[in-house]
Amino acid sequence: FFVLSSAEVSSSSQYGVIEHVSVEHAPRDPVLLPHAAAHILGIHELTVPGRINDRLPQDARLAAYTHLYGIIPVAAAFDLAVAALSLKLGTLFPSMPLPADPTMPNMIRSKQPLKQGSVCCFQSGVRSTFGWITVGS
């Protein structure tokens with residue numbers, strides 16, 4: 001069990017802390033996601049890939065794990081847990097190709113080191129809504 005809170009945390013936490021939470025509605029102009037060491041995308045075959053690509057930093061390293069646990073209400077919590085474990089272990093875990101867009105650039109296909117920084121967990125919603133949580137060390 002781990003809690004991602006900056007309250008009463010020493011100079012560093014082994015799982016990281018939540019740095020930023022945002023919920024957005026952007027029907028026209030794309031809102032860019034923050035720069036991070038990696039982006040975990042809470043997307044699935046029903047997600048429109050173009051809308052996501054427009055929001056990502058150009059050099060973003062991407063991962064998606066939705067195929068492991070499916071489209072469920074707590075999927076974002078699983079992504080958050082992966083981000084916390086990635087920060088603790090200093091490792092980015094491989095991602096499967098996305099059915100929606102197997103050509104998405106910079107998808108993490110093999111285990112990679114995670115340098116200092118943060119991990120941004122993105123979740124798409126309905127009717128042009130989306131949100132993200134950034135976890136940092």
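Two rings of Phe, Tyr or Trp count as a pair here if their centres lie within 6.5 Å, with the six-membered ring standing for Trp. Keep that rule in mind as you open this model, which is a predicted one.

**Stop 1: the aromatic rings**

Select Phe-122, Phe-130 and Trp-132 to begin. Ring pairs join these residues into a cluster. Across the whole structure, a search turns up 3 aromatic pairs. For one of stacked geometry, move to Tyr-69 and Phe-78: their ring centres are 5.0 Å apart and their planes meet at 20°, so this pair is stacked. Are the two residues buried or exposed? Tyr-69 is buried, with 17% relative accessible area, while Phe-78 has a relative accessibility of 39% and counts as partly exposed.

**Stop 2: the sheet**

Now switch to a cartoon view and colour the strands. You should find 5 strands in an open sheet, ordered 1-7-6-2-3, with mixed pairing. The edges are strand 1 and strand 3 (62-63), each of which pairs on one side only. While you are here, select helix 3, residues 75-89: this helix packs on the sheet and touches strand 2, strand 6 and strand 7. Its direction makes about 170° with that of strand 6.

**Stop 3: strand 7 and its neighbours**

Next, select residues 129-136, which form strand 7. Why can this strand be called largely enclosed by the rest of the structure? Of its 8 residues, 6 are buried, so the surroundings largely enclose it; buried here means under 20% relative accessible area.

Look to one side for strand 1, residues 17-25, which pairs with strand 7 in the antiparallel sense over 8 bridges. On the other side, strand 6 (residues 118-124) also runs antiparallel to strand 7, and 7 bridges join them. Thr-134 is a handy residue to label: His-20 stands opposite Thr-134, and Thr-134 is also the bridge partner of Cys-120.

Follow the chain through the hairpin of strand 6 and strand 7, where 4 residues lie between the strands. Pause at Arg-127, which takes a positive phi near 50°.

**Stop 4: across to strand 2**

Keep Cys-120 labelled and add His-39, which stands opposite Cys-120 in strand 6. The wider pairing is between strand 2 (residues 38-42) and strand 6, in the parallel sense over 5 bridges.

**Stop 5: two serines of strand 6**

Select Ser-118, which is found in strand 6. With a relative accessibility of 9%, Ser-118 counts as buried. Which residues does Ser-118 contact, leaving aside its neighbours within four places in sequence? Show Glu-19, His-35, Ala-36, Ala-37, Ala-38, Thr-134, Val-135 and Gly-136 to see them.

Then select Ser-124, which also lies in strand 6. Ser-124 is partly exposed, at 22% relative accessible area. Draw a C-alpha to C-alpha distance from Ser-124 to Ile-43: these residues are 81 apart in sequence and 6.4 Å apart in space.

**Stop 6: the cavity**

Finish with the interior space. How many cavities of 30 Å³ or more are there? The count comes to 1, and the largest cavity has a volume of about 30 Å³. To frame it, select the lining residues Ala-38, Ile-40, Ala-63, Tyr-65, Ser-86, Leu-92, Ile-108 and Val-119.

Terms used
Residues are numbered from 1 along each chain as its sequence is written. This is a predicted model: local features need pLDDT of at least 70, side-chain atom pairs count only at pLDDT 80 or more; totals for chains, interfaces and linings use all residues. Side-chain values use heavy atoms; hydrogens and water are left out. Buried means under 20% relative accessible area, exposed over 50%, partly exposed in between (1.4 Å probe, protein chains only). Two strands pair if DSSP finds at least two bridges between them. Contact means heavy atoms within 4.5 Å. Axes are lines fitted to C-alpha atoms, for helices over the stretch in contact, and angles run from 0 to 180 degrees between N-to-C directions. Rings of Phe, Tyr and Trp (its six-membered ring) pair if their centres lie within 6.5 Å; planes under 30 degrees apart count as stacked, over 60 as edge-to-face and the rest as tilted. On a 1 Å grid over the protein atoms alone, a cavity is a set of points where a 1.4 Å probe fits but cannot get out, and a pocket is an open set with protein on both sides within 12 Å along at least five of seven lines; lining residues have an atom within 4 Å of a point. Grid points are joined across faces, edges and corners, and a volume is the space filled by probe spheres set on the points.
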